[in-house]
Amino acid sequence: MKFTATQIAGILEGEVEGNPQIAVHKLSKIEEGEKGSLTFLANPKYTSFIYSTKASITIVNKDFVPEQDLSTTLIKVEDAYKSFSKLLEYYNQVKNNKVGIETPAFVSESVVYGDGFYLGAFSYLGDNVEIGKNVKIYPNVYIGDNVTIGDNVMVFAGSKIYSESIVGDNCVIHSGAIIGADGFGFTPNEKGEYSKVPQTGNVVLEDNVDVGAGTTIDRATLGSTVLRKGVKLDNQIQIAHNVEIGEHTAIAAQTGIAGSTKIGKHCLIGGQVGIVGHITIGDRVRIQAQSGIGRNVKDDEVLQGSPALNYGDYNKSYVHFKNLPKLVNSITNLEKKAEGE
């Protein structure tokens, strides 16, 4: 896809300085710009690069005044960073605006879908699947029986959505994500052998939920595993059966949450955090990376460590911990001195 400076200025409500008909077909960093690319200048630290960049078009703030000759065409806007972000969003919308059903694909006769639907090749849609408007499902996706998907949803290649799952409006499910796998439920007998406990519940993703690549969300044993509206999950996260995550909570990669734990609203959870099952974490909680949470957590706590401590207590303790060898030597020397006396 190619866009001229005039077209881009129209999208951004900006002004063109230079060649209005010059066209671009890709994006670049300002220091790596080349012919046919679009870049932006928002950070003053990168100003020197605008005089050497080979990018065809550069988005700048309206108050930018060049001090040397430029080879790039400028588009002047109120806020270059926000305008570039807006352009990226527009570009993604245009790029992903596919429609139609590719072949080969299996679509059950009972499937219902809205306008603007796209289904990539080698995908499978089971019985009684209901899909809203402007949904894009990329190749090699499996969607089981009785799944409901809302409007404006993106399901990227290789994802699996098991039966009975419910996906709200404006959700994004990235490649390799698995929604609705069986929860890890087994019971031992007197011989130490394990029997599977049937997992008969489902997964519910409310509106505006993002699920990262390779993330797994298990179905409930009974009832639902629920991600409330606005939840954002990074890549390679494990959400166990019957977990509930509150609105607008964000969780970084490689975190694992065990079964039946409830997490509140507006929490921030760092990467590689481990959270045990059957506990409650309050609202607006912040958990630092690689922490281990084994207890209930009150609203607004900030935690670090394994087992996790209050963030301030952890930092105070760490000062002593890193000096532990010196402290041990001091104590040993005092003991020897005392014995000598």
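Glu244 is partly exposed in this predicted model, its relative accessibility being 28%. Its salt-bridge partner is Arg228, and the closest N and O atoms of the two are 3.2 Å apart. The contact joins distant parts of the chain, since Glu244 belongs to strand 30 (residues 244-245) whereas Arg228 lies in the loop between strand 27 and strand 28 (232-233), with the two positions 16 residues apart in numbering. Arg228 also counts as partly exposed, at 26% relative accessibility. Both values lie between the limits of 20% and 50%, and therefore neither residue is classed as buried or as exposed.

Side chains of opposite charge can pair when their charged atoms come close. In this model, the count comes to 10 salt bridges.

A further group of these contacts involves Asp182. Asp182, Lys196 and Arg219 are linked in a network of salt bridges. In one of the contacts, the side chains of Lys196 and Asp182 meet with an N to O distance of 3.1 Å. This pair connects distant parts of the chain: Lys196 is in strand 23 (residues 194-196), while Asp182 is in the loop between strand 21 (178-181) and strand 22 (186-188), 14 residues apart.

Asp182 also forms a salt bridge with Arg219, at 4.0 Å from N to O. Here again distant parts of the chain are linked, for Arg219 occupies the loop between strand 26 (216-218) and strand 27 (224-227), 37 residues apart from Asp182. The members of the network are not alike in accessibility. Arg219 has a relative accessible area of 6% and counts as buried, because that value is under 20%. Asp182 is partly exposed, with a relative accessible area of 37%, and Lys196 is likewise partly exposed, at 44% relative accessibility.

From charged pairs, the description turns to a nonpolar feature of the surface. Tyr318, Phe321, Leu324, Leu327 and Val328 form a nonpolar patch there, and together they have about 470 Å² of accessible area. Helix 3 (311-322) and helix 4 (324-340) are the elements that give two or more residues to this patch. The largest share, three residues, comes from helix 4.

Leu324, one of the patch residues, is found in helix 4. Its relative accessibility is 41%, and Leu324 is partly exposed. Patch membership requires over 30% relative accessible area, so the value for Leu324 satisfies that condition.

Technical notes: Residues are numbered from 1 along each chain as its sequence is written. This is a predicted model: local features need pLDDT of at least 70, side-chain atom pairs count only at pLDDT 80 or more; totals for chains, interfaces and linings use all residues. Side-chain values use heavy atoms; hydrogens and water are left out. Helices (H or I, at least four residues) and strands (E, at least two) are DSSP runs, numbered from the N terminus. Buried means under 20% relative accessible area, exposed over 50%, partly exposed in between (1.4 Å probe, protein chains only). Patches are made of residues with over 30% relative accessible area and no salt bridge: like charges are joined within 9 Å, nonpolar side chains (Val, Leu, Ile, Met, Phe, Trp, Tyr) within 5 Å. Accessible areas come from the Shrake-Rupley method with a 1.4 Å probe; for residues, only the protein chains shown count as cover.
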